[in-house]
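Student: I am new to this structure and would like to know what stands behind the terms used for it. Could we take them one by one?

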Amino acid sequence: MLKVVVGHSDDPDSQAAIEEVLAKCVHDLSDLTDIPPQAAMLFAAIDFDHALILQKISAVFPEIDLIGCTTDGEMSSILGFQQDSLTLILFCSDTVEIHAGLGYEAKANPLNAAQEAVQKAKEKCDKPAQLCIPLPASYLADGSTTNGGLILEGLKSALGSDIPIVGGAAGDQFRFQTTYQFFQNEVLTDSLPILIFAGDILFSYGTACGWEPMGRKSVITKSQGTVLYEIDGVSALEFYQRYLGDRTPTAENPLAVYEGDSDRYYMRVPNTFDPQTGSINFLGDVPEQAIVQMTDFNREEILCSVKSSLQTALARYPGTEPDAILLFSCCCRRWLLGTKAKEEYQMIKTELAKDIPICGFYTYGEFAPLESQGSTYYHQETFVTLLLGTK
């Protein structure tokens, strides 16, 4: 059995917001007195008093394994799409183990942070891990960033490459200054909190972006980390100018990055560029010899990808129907969609035949496999749907 409850408040006052959220959760848990919640995730706007909020949660649920992060927007089955809000999801089960782990110094030592987080969570598990949800730091107080790709490699190494990893990186409402992560009653800025699911858990996932590749496929011939120097032997900037003319590279035209012979791809978003060297710095690693393709921006196709993400997850779901849905959507999607951003959540609700608890947030990068049973990738500008349930 898996019972999930969600609370959500758009009250700008921290104490009033968390009291409203907790009241809703406690009310919905009233018929489960013998099975208290064992884990939780908190998604919160950047300007709340997060320490106060965690203190209030701990007072009501002192034994709960909680992780969370700040966001670029929140979603739930209570209030739909919101900004400047607070949402909490609680997990109760007598057959599923759900345990939290935390790694420190995610920027300087992402591999060690991942190993530490997984070890702490696994120490509490009696059964093998089946699913991991990470909510890592992205922007830090000094304006620097963590490397989502390296964090993912660390998680794969610690968990084993066959364990799906589905989640998103913390946000700060497009300020790109400081993101916060939550673990139990701690507020952190350079950490990797995770939840591990083990036991009688059923799940599935779907990913989609909506950007359409255009032009011919090309090969990255020179890159280092997140800096792309050459594609097919010409500078990255020259490659972009073939398609954009005098327009500078922006989030409207990310690169589709293919792995091997697959027709599935993940996205890489250009951030800054150097006209002297012709290089472009991306918001994620751009590996040499990877096959890439320019993409075209269309708002309606981006919205339609939400439906595709959900339908893929539903088609893959191994049970009758899920008990909960988690959503992870990129902050760049919210920014590019503008006032239409709220339609992402509305599309999810329209496609569902019945009411299911839903919770999610707008991220600074998403984690999910591209294929069922496939390897996990670090994504951008992607909508990820995760379904959870039991047999």
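**Terms and the values behind them**

Tutor: We can begin with S305, which lies in helix α6. Keep in mind that this is a predicted model.

Student: Why is S305 called buried?

Tutor: Buried means under 20% relative accessible area. S305 has 4%, so S305 is buried.

Student: Which residues does S305 touch, leaving out those up to four places away in sequence?

Tutor: They are A208, C209, G210 and R333.

Student: Why are α6 and α8 called oblique to each other?

Tutor: Helix α6 (residues 299-316) and helix α8 (residues 342-351) pack at an angle of about 40°, and their axes are 9 Å apart. Angles under 35 degrees count as roughly parallel, and 65 to 115 as roughly perpendicular. The angle of about 40° falls in neither range, and α6 and α8 are therefore oblique. Their crossing is right-handed.

Student: Which residues make the contact between these helices?

Tutor: From α6 come L303, C304, V306, K307, L310 and Q311, and from α8 come E343, E344, M347, I348 and E351. By class, this contact of α6 with α8 has 6 nonpolar, 1 polar and 4 charged residues.

Student: Which members of the largest nonpolar core touch the most other members?

Tutor: Of its 37 residues, these are W211, I325, L327, I348, L352 and I358. Helix α6 gives the most to this core, with 5 residues.

Student: What is I325 in contact with, leaving aside neighbours within four places in sequence?

Tutor: The contacts of I325 are L352, I356, P357, I358, C359, T385, L386 and L387. A second, separate core has 35 residues, including M41, I89, L102 and L135.

Definitions and conventions: Residues are numbered from 1 along each chain as its sequence is written. This is a predicted model: local features need pLDDT of at least 70, side-chain atom pairs count only at pLDDT 80 or more; totals for chains, interfaces and linings use all residues. Side-chain values use heavy atoms; hydrogens and water are left out. Axes are lines fitted to C-alpha atoms, for helices over the stretch in contact, and angles run from 0 to 180 degrees between N-to-C directions. Helices (H or I, at least four residues) and strands (E, at least two) are DSSP runs, numbered from the N terminus. Angles under 35 degrees count as roughly parallel, over 145 as roughly antiparallel, 65 to 115 as roughly perpendicular and the rest as oblique. A crossing is left-handed if the near helix is turned anticlockwise from the far one by less than a right angle, and right-handed if clockwise. Contact means heavy atoms within 4.5 Å. Ala, Val, Leu, Ile, Met, Phe, Trp, Tyr, Cys and Pro count as nonpolar, Asp, Glu, Lys and Arg as charged, and the others, Gly among them, as polar. Buried means under 20% relative accessible area, exposed over 50%, partly exposed in between (1.4 Å probe, protein chains only). A nonpolar core is a set of buried Ala, Val, Leu, Ile, Met, Phe, Trp, Tyr and Cys residues joined through side-chain atoms within 4.5 Å.
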